[in-house]
Structure formats: C-alpha cells, structure tokens
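Biologist: I should like to learn how to read a metal site and its surroundings in a model. May we work through an example together?

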Amino acid sequence: MEKVTKVADHEKLVKLLTVALEHEWAVSFEYIFHAYSMPKGTHFYQDPVLGQKTDIRAQTIQIGIDEMYHALQFGLVLKKMGISPSFKTDEVIRYPRIVDNLKRDKGTEDLVTALYQAAEFPEGRYPEVENMLWNISADEVRHGRQFQAMFETMTGEGAGEACCFKPDPQAERKEEVRLLHELTRMENEVVHRYLFYVFLFSEHQDLSQRLFKNSIDHMRHWDKNAGMLVQLGSVLRLENAELRPDGSERSVKPMPGLYPGTDRRSALETLIPAEDRLIALYEKAAGLVPPGDIRGQLSFHLAQNREHRFTQDSLLANALRIKGLK
Ligand SMILES: [Fe+2]
Ligand SMILES: [Fe+2]
Ligand SMILES: [Fe+2]
C-alpha cells in the first residue's frame, strides 16, 4: 500500500483516494474469501466491541460488508471530483491455515489505519474528506481489534493449526458445482457492475438508488452461493489466483477492472443480457439439485433476478421515453 501523507492539492487527494479505494475493494473480497473458507459456528471469540461471544466466520463477513461501504464512499467522492472510480484492487491472499488469514487481516487493518490517520491536509482545504477519513479509520481500528482477538483466541485454544476448506475433487466434477462456481463468479461481477453505474449516475438519486438495491441483492446472492459451495463439498474460488510455494493462493485481479457503458443508454442496455445469463444459469442449476435447502435458495435467487430483469427493462424503456435526459 503506497503512502500518501501530504494532501496539498487535487492531484494528491485523487492519489490518496485511489490508493484507499484499491485497498477497500481488495479487503471487501479478501475477508469474504477468508470467511467462506472456514466452518460455520465452530470458532468463537469474545468480541472486544460487541461485548459477546461471537462466531469468527460471521463477524469476518460483517467486516467485509463494512469494507464494501468504505469502497462505495471513496468511489462516490472520486466521482464527485470528476474521476471515474477504478475497480483495480490490491492483492488478495488466502492461506491454508485460518489463523494466518486472520493475522494477515489484522496487519492490513493496521496498515490502512496508518494511511488514513497520517494524511495531512492544509487547514480547511478538504474538511469533509478529512472527516470521512477519521470516521473510516475508526472502523478500521475496530476491525483490527476484532481480528486480533479472533486469532489470539484460536491460538490460545489450540486451534492454531485449523485449516481452511479444500475442495473435494469428486464434488468439483459435478455439473451443479461447476454451474455454481460460474454463477458465483458472475454474481461478484454483477455486484460491481451495478456499483459502477451507481457511481456513474450518482447525481441522479432515483436511478442510482435503484441500481444500488440490485447490487446489494447480488452481493447477498454471492454470499449465499459461497455457503452453498461449501455445502456441496467445494469452496469459493479466488479468481485469477496463482498457487504459491507456501500453499497460499494470491490474486491481483479478483474482479474485472473495467465495466461496459459510458452513458445512460449504453449502461442500462448492458444489464439486461447480464440478468438474462444469470436467470438461465440459475434455472439450469436449480433443475440439477434435489428438492431441499439448496434448490430453495437457488430458486429464490432465480426469482429475484427475474424481478431485476423486469426492473431493468422498465428503467431502459423509461430512459428512452424522455427527450433530453442525459
Ligand atoms: Fe475499510
Ligand atoms: Fe477494515
Ligand atoms: Fe439480478
């Protein structure tokens, strides 16, 4: 993570916000990957802020969601400054042992807290951004304390060697698992594609809020699909990852860096085929699994995507209805 301390002008501010955004995207994935690689309801710790015994996996997911909101805030500020926010990310790593992931997460939190707190602004130049950085850094301080308590508890209780899930090769060969991996990859892509349009239309509150709602729905689908992969004997895949000699996986491109569409019409037009593709894949996947929880969940995602398809058709038709709407 690059250090940007003296934020004296527009250029330096864009640099700082871009470094921050690349970090926030990375951790919004990394924590979800770490969480969905460990068992549910198995490792607990006493949370120093929540004041309760808490599931490490569940809290790691919650922190990942906080990071997504941080990314959204940085992206909106950049857009307001006339910059198209980047979806480039810092590297994402998954280690074989759970505690190594949690230690890495704690270290990342310390680094980013230092970045946000060390930024020096000329007095009164960017007061709102400065305030935002202090507010976000308070979340990062909390996250750091939470991750530290998690790995200290696991180590202290003799669970330091507990490993992340490994995909079962037999499960990987099943058609429904292959489809679910493809669906999960697409859900992740669509979450960010919708967010890109949230940035693009951030001055049009009606449209950006509608697109944001769909982005959140897709984030939930991504999250639920990751849980289903575990139930089927597999595990959430790190896109474009390399396997390193220590057994860890590293990716510098866990999501696409660019999304199509530059104006209202071209942006809205790209979402309809994306929703259609998701619908077709969910129909196929739901038909392959026996009646039960997994089929129920896949059918729920299918239904929500059909609703999105309806909404997107209307958004496009309504955008074309009004002359002069940019
Ligand atoms: Fe953050
Ligand atoms: Fe954080
Ligand atoms: Fe959708």
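Modeller: The discussion below concerns a predicted model and takes the metal sites, a helix and a loop residue in turn.

Biologist: Which residues coordinate the iron ion (ligand 1)?

Modeller: A metal site is read from its donor atoms. For the iron ion (ligand 1), E24 supplies two OE donors, E67 and E140 supply OE donors, and H70 supplies ND1, at 2.0 to 2.5 Å. Along the chain these donor residues are spaced E-x42-E-x2-H-x69-E. H70 belongs to helix α2 (residues 56-80) and E140 to helix α4 (residues 127-156), so this pair ties together parts that are 70 residues apart in sequence.

Biologist: What are the protein donors of the iron ion (ligand 2)?

Modeller: They are E67 (OE), E109 (OE, listed twice), E140 (OE) and H143 (ND1), lying 2.0 to 2.3 Å from the ion. Their spacing in sequence is E-x41-E-x30-E-x2-H. Here E67 is in helix α2 and E109 in helix α3 (residues 98-118), so the pair ties together parts that are 42 residues apart in sequence.

Biologist: How far apart are the iron ion (ligand 1) and the iron ion (ligand 2), and which residue bridges them?

Modeller: The two ions lie 3.7 Å apart, with E67 as a bridge. E140 also appears among the donors of ligand 1 and among those of ligand 2.

Biologist: Are these donors buried or exposed?

Modeller: The test is relative accessible area, with buried meaning under 20%. H70, at 1%, counts as buried because it falls under that cut-off. E140, at 0%, is likewise buried. E67 and E109 are both buried too.

Biologist: How should I read the length of α2?

Modeller: One compares the end-to-end span with the expected value. An α-helix has 3.6 residues a turn, so residues three or four places apart point the same way. In this model α2 has 25 residues and spans 37 Å from its first C-alpha to its last, close to the 36 Å expected at 1.5 Å a residue.

Biologist: What is found at the start of α2, and what just after it?

Modeller: At the start, a side-chain oxygen of D55 comes within 3.1 Å of the backbone nitrogen of R57. Just after α2, G82 has a positive phi of about 90 degrees.

Biologist: Which residue other than glycine has a positive phi?

Modeller: N240 is such a residue, with phi near 55 degrees. N240 sits in the loop between α7 (205-231) and β4 (241-243). Its relative accessibility is 56%, and N240 therefore counts as exposed.

Definitions and conventions: Residues are numbered from 1 along each chain as its sequence is written. Chains are lettered from A and ligands numbered from 1 in the order in which they are written. This is a predicted model: local features need pLDDT of at least 70, side-chain atom pairs count only at pLDDT 80 or more; totals for chains, interfaces and linings use all residues. Side-chain values use heavy atoms; hydrogens and water are left out. Donors are N, O and S atoms within 2.8 Å of the metal (3.2 Å for Na, K and Ca); water is not among the atoms, so sites may look incomplete. Helices (H or I, at least four residues) and strands (E, at least two) are DSSP runs, numbered from the N terminus. Buried means under 20% relative accessible area, exposed over 50%, partly exposed in between (1.4 Å probe, protein chains only). The expected span of a helix is 1.5 Å times one less than its number of residues. A polar contact is a pair of N or O atoms within 3.5 Å; within protein, one must be able to donate a hydrogen and the other to accept it, and residues adjacent in sequence count only if both atoms are side-chain atoms.
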